[in-house]
Amino acid sequence: MCDSCGCGDPHKVSLDVQERILSVNDRAARHNREHFATAGVLAVNLMGSPGAGKTAVLEATARRLTGRRLGAIAGDLETDRDAERLRAVGVPTAAITTGSACHLDAEMVHAALDRVAWRELDYLFVENVGNLVCPAVYDLGQAVNVVALSLTEGEDKPLKYPVMFRKADLVLLTKLDLLPHLDVQVEAVKDALARVMPDLALVPISARSGAGVAEWIAWLEGRRGALVPGPAAEAHSHAHPHAHPHA
Amino acid sequence: MHEYSLVAALTRKAEEEARAHHATAVTCLRVSVGALAGVEPELLASAFTLCREGLLAGAALEIRNVAATWACPRCDAAVPVGAILRCAACGLPARLVSGDELLLEQIELEVP
C-alpha cells in the first residue's frame, strides 16, 4: 500500500533499497583488490587529462625502477599507442580500447588481467583513459589513486575538478621542466589542491629531466612496503627493546 | 559522460527489484547524488529519460542533491567547502561527512 504520499493506493508499493548505484562495479573492484592483495601486487590507478604525461611518467618510472617487476594496463578510446610505448621500455602491457567509454571500470580491468602476467609483478599500473571527470567515479580495485596534473593545465584545475583530486592519494605535477616558460606557480597549485584534497600529497616531476622521479619512486616503494611485509619489513619486526634507531 | 553507464546500472537494479516483487511497473526511482559523487544531476536525468523502457517506461526519477560537508575527524568542527581542508585547531586533514553519495534510495512499484 502506498504510504509515501498518503493516498493509500493498495497497488502501489514503496521499497527502501539504499544501495550504491555502482554496487556491481564495487563488487568487481573488491574482487580485483583481493587478487592484488593476495599476490602482493601494488595496483596503481593513474588518472589525468589527455596529454598530462601519464605515459611519460610510466616510461620514466620503468627506466628508474629497474629492480622491480612492472606491468601495465592502458586504457584509451582508440589505438594502443600508450601500450606500445610502455612495452618499448620493457613493461608488459595489456591495452584496453574503450571505443567511446570515457573511463575504465573494474570489470574491464579484470578482463584485461588475462593478458598480463600480473601475479608475477611488484607493480601493476592501470593507466586510465585521459579524462579528469569520469574515471574518478569507478573503483577499479587499486591500492592507490595517482593523478597526473601537468603544469600547462593551469593552477585552478583542482578547484574545477574536485572529485578526481579528492580521490587522489598523490598528485604528480608533471612537465616541471616547463616551469621557466609558464606563468604558473607551484605554490598556487598546492593552495588549490589543499582546498579539495585533505591529505595533500604533491610531487612535482619531469619525465624529461628526471627531476622528482626519485621522490615519486620513494613514495611508490613506501606504499608497496606498507602493502607487502617483505623480508626487510619482517627483519624490523623483532620484539626486543633497543635504543638504536633503524636505518 | 558516464551518466549513461550509471543509468544502465540504475535501471538494471530497479528491474531486478520489480521482478522480485512481481510488479507490473516501476513508477518512481528516488536517488541521492552527492556534490562530490562526480555525477551531473541534469545529465543523469536526461540520460534516464532517454533510456527508460519496459517496466520503467513510465518511471519518474527524483534526484536528491546532497551538499558536500567536511569536518575535523577529532573535534568535529566544520571545515567549509572551498577552505583549506584541514582543521585550523587540530591540524588534521578534514573528513568528508557527506557529499559522495550515489545511492538508489527507494523505488515505487505498481503491483497487481
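In this predicted model, strand E1 of chain A, residues 12-20, is joined to E6(B) by seven bridges. The two strands run antiparallel. Two residue pairs mark the register. A:Glu19 stands opposite B:Leu104 in E6(B). A:Asp16 stands opposite B:Gln106 in the E6(B) strand.

The pairing belongs to an open sheet of four strands. Its order is E1(A)-E6(B)-E1(B)-E2(B), and the pairing is mixed. The sheet thus takes strands from chain A and chain B. E1 of chain A is one edge strand, and strand E2 of chain B, residues 60-66, is the other. Each of these edge strands pairs on one side only. On average, neighbouring strands of the sheet are turned by 15 degrees against each other, direction ignored.

Two helices of chain B pack on this sheet. H1(B) touches E1 of chain A together with E1 and E6 of chain B. The direction of H1(B) makes about 40 degrees with that of E6(B). Helix H2 of chain B, residues 41-51, touches E1 and E2 of chain B. The direction of H2(B) makes about 170 degrees with that of E2(B).

The contact between the chains was then examined as a whole. On the chain B side 30 residues take part, in contact with 28 residues of chain A. Three elements of chain B each supply at least two residues of the side that touches chain A: helix H1 (3-20), strand E1 (25-34) and strand E6 (102-110). E6(B) gives the most, with nine residues. By class, this side of chain B has 18 nonpolar residues, six polar residues and six charged residues. E6(B) therefore appears twice in this account: the strand is bridged to E1 of chain A, and E6(B) gives the most residues to the side of chain B that touches chain A.The helices H1(B) and H2(B) also pack on each other. Their axes come within 9 Å and cross at roughly 60 degrees. That angle makes H1(B) oblique to H2(B). The crossing of H1(B) and H2(B) is right-handed. From H1(B), the contact is made by B:Glu3, B:Tyr4, B:Leu6, B:Val7 and B:Thr11. From H2(B), the contact is made by B:Leu43, B:Leu44, B:Ala47, B:Phe48 and B:Cys51. The contact of H1(B) with H2(B) has eight nonpolar residues, one polar residue and one charged residue.

Chain A has nine helices and eight strands. Of its 247 residues, 44% count as buried. Among contacts in chain A between residues at least 6 apart in sequence, 73% join residues at least 24 apart.

A helix pair was also described in chain A. Helix H2, residues 54-64, packs with helix H3, residues 81-88, at an angle of about 15 degrees. The axes of H2(A) and H3(A) lie 9 Å apart. The angle makes H2(A) roughly parallel to H3(A), because angles under 35 degrees are counted that way. H2(A) passes H3(A) in a right-handed crossing. H2(A) contributes A:Thr55, A:Leu58 and A:Glu59 to the contact. H3(A) contributes A:Asp82, A:Arg85 and A:Leu86. The residues of this contact divide into two nonpolar, one polar and three charged.

Strand E6 of chain A, residues 144-150, is mostly covered. Six of its seven residues are buried. E6(A) pairs in the parallel sense with strand E2 of chain A, residues 42-48, over five bridges. In this pairing A:Val44 stands opposite A:Val144 in E6(A). E6(A) is also joined by five bridges to strand E7 of chain A, residues 170-174. E6(A) and E7(A) run parallel. The bridge partner of A:Ala148 in E7(A) is A:Leu172.

A residue outside these strands is A:Ala214, which is placed in helix H8 of chain A, residues 213-227. A:Ala214 counts as exposed because it has 12 C-beta neighbours inside 10 Å. The C-alpha atoms of A:Ala214 and A:Ala106 are separated by 30 Å. Along the chain these two residues are 108 residues apart.

Definitions and conventions. Residues numbered from 1 in each chain as written. Chains lettered and ligands numbered in written order. Predicted model: local features only at pLDDT ≥ 70, side-chain atom pairs only at ≥ 80, totals over all residues. Contact = placed C-beta atoms within 7 Å. Nonpolar A, V, L, I, M, F, W, Y, C, P; charged D, E, K, R; others polar. Pairing = 2+ DSSP bridges. Axes fitted to C-alpha atoms, helices over the stretch in contact; angles between N-to-C directions. Parallel < 35°, antiparallel > 145°, perpendicular 65-115°, else oblique. Left-handed = near helix turned anticlockwise from the far one by under 90°. Buried ≥ 20, exposed ≤ 12 C-beta atoms within 10 Å, placed from the backbone.
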